[in-house]
Protein chains: 2
Amino acid sequence: MLDLERHRELLRQCSIAAALETVGERWSFLILRGAFNGLHHFEEFQSTLGIARNILSNRLARLVESGILKRDPDPTDRRRVAYRLTEKGLDLLPVLLSLRQWGERWVAGTSSNPVLVDRATRRQIAPMAVRDADGRPLQRDELEWVDRSELKDKQA
Amino acid sequence: MLDLERHRELLRQCSIAAALETVGERWSFLILRGAFNGLHHFEEFQSTLGIARNILSNRLARLVESGILKRDPDPTDRRRVAYRLTEKGLDLLPVLLSLRQWGERWVAGTSSNPVLVDRATRRQIAPMAVRDADGRPLQRDELEWVDRSELKDKQA
DNA sequence: CCTGTTAGGTTGCAATATGAAACTAACTAG
DNA sequence: CTAGTTAGTTTCATATTGCAACCTAACAGG
């Protein structure tokens, strides 16, 4: 009970911890990346990711339960199930892109494929960056952590 | 050998997978969040995060080996070690912020503390968003995945 | 100097998670 | 009907996590 209470306190204090409860491990991230890249069906995920079937089944179920993916049975073939990103799941795009760009720069050392472009201009999206309220990218020394009570103006 | 080869192929193909090799699990993320929030010492991480000492030791060592944290022994007290983010580690800020904002919106349902502000204006940073090359936020239906060879212009 | 405290670990072992491979149920196509 | 397909489920060996105790080196104070 004390553990549960501390757990809840942690969740209240930190949204990262809350987020990590649902997506905080490697296979979930990779499944999400697959979903963003157009994978839908169990076998697609399994063969593309090379993930054990029981782990895939477990993670898919968890992502569905968390509301990140939804399970769409195919009316024309009752065996087939499409797993699709929900609004909640789609909102993870900045996370995935940030992670990808970091990986490109610091781990893989190469750019990867496919790339995300602005449909209208066909130009690649900008690198994910911390920006001020007007959209100007901020350098790290321009940033500061403050207590929420010290905010200059209330922002939604 | 075949597994190793496939593993390498996956890393080459996807920078997210490469990134997840180093930060792809819950405790690493939470340690990084702690580091961004000013934690430095073993005991600080341990008591703040409530993480098992052996897991903390293992993760810290891994993050140091990956070049994300560096290990700074204190010259005035040789027992003490400060773990600090490297350039590589600091570059994970967009990942952590994206994740945090996602968690605030979809999991915790509340805003968390501390918050990141522009030092000059004291205004809160903008939500992480996917933006075009000029910095304009893009909606999801404005985005498209293309093969790198189809890029309209070469961008660094 | 000795004793107690501190800091950063390490160790042993139980519980839990992962992964390989086989199996199953339901469905579809010919 | 048979054979193949799809999405899982199960079994069991291996790996990882977590609890709690322990250890070592360094320090502080009397």
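Select α3 and α5 of chain B in this predicted model. Trp27(B), Ser28(B), Ile31(B) and Leu32(B) of α3(B) are in contact with Ile55(B), Leu56(B), Arg59(B), Leu60(B) and Leu63(B) of α5(B). Sorted by class, this contact holds seven nonpolar residues, one polar and one charged.

Now show the whole of both helices, residues 26–36 and residues 53–65 of chain B. Their axes are 10 Å apart and the packing angle is about 75°, which makes α3(B) roughly perpendicular to α5(B).

Next, select DNA strand C and the 21 residues around it. Those that come nearest are Trp27(A), Arg59(A), Arg78(A), Arg79(B) and Tyr83(B). Colour the surface near DNA strand C by class: 10 residues are charged, six nonpolar and five polar. On the DNA side, 61% of the strand C atoms within 4 Å of the protein belong to sugar or phosphate, and the rest to bases.

Zoom in on the phosphate oxygens of DNA strand C, taking three residues in turn.

- Arg78(A): a side-chain N or O atom is 2.5 Å from a phosphate oxygen.
- Glu43(B): here a backbone N or O atom lies 3.2 Å from a phosphate oxygen.
- Ser57(B): a side-chain N or O atom is 3.3 Å from a phosphate oxygen.

Which elements give two or more residues to this surface? They are α5 of chain A, and α4, α5 and β2 of chain B. The most come from α5(A), with four residues.

Finally, colour chain A by pLDDT, which averages 87. Strand β2 (residues 81–85) of chain A has the highest mean among its elements, 97, and helix α1 (residues 2–13) the lowest, 48. Residues 1–5 of chain A are below 50, and that stretch has one contact beyond near neighbours in sequence. Where pLDDT is low, predicted coordinates should not be read in detail.

How values were computed. Residues numbered from 1 in each chain as written. Chains lettered and ligands numbered in written order. Predicted model: local features only at pLDDT ≥ 70, side-chain atom pairs only at ≥ 80, totals over all residues. Heavy atoms only, no water. pLDDT = per-residue confidence, 0-100. Contact = heavy atoms within 4.5 Å. Axes fitted to C-alpha atoms, helices over the stretch in contact; angles between N-to-C directions. Parallel < 35°, antiparallel > 145°, perpendicular 65-115°, else oblique. Nonpolar A, V, L, I, M, F, W, Y, C, P; charged D, E, K, R; others polar. Near = heavy atom within 4 Å. Polar contact = N/O pair within 3.5 Å; in protein donor to acceptor, adjacent residues only side chain to side chain.
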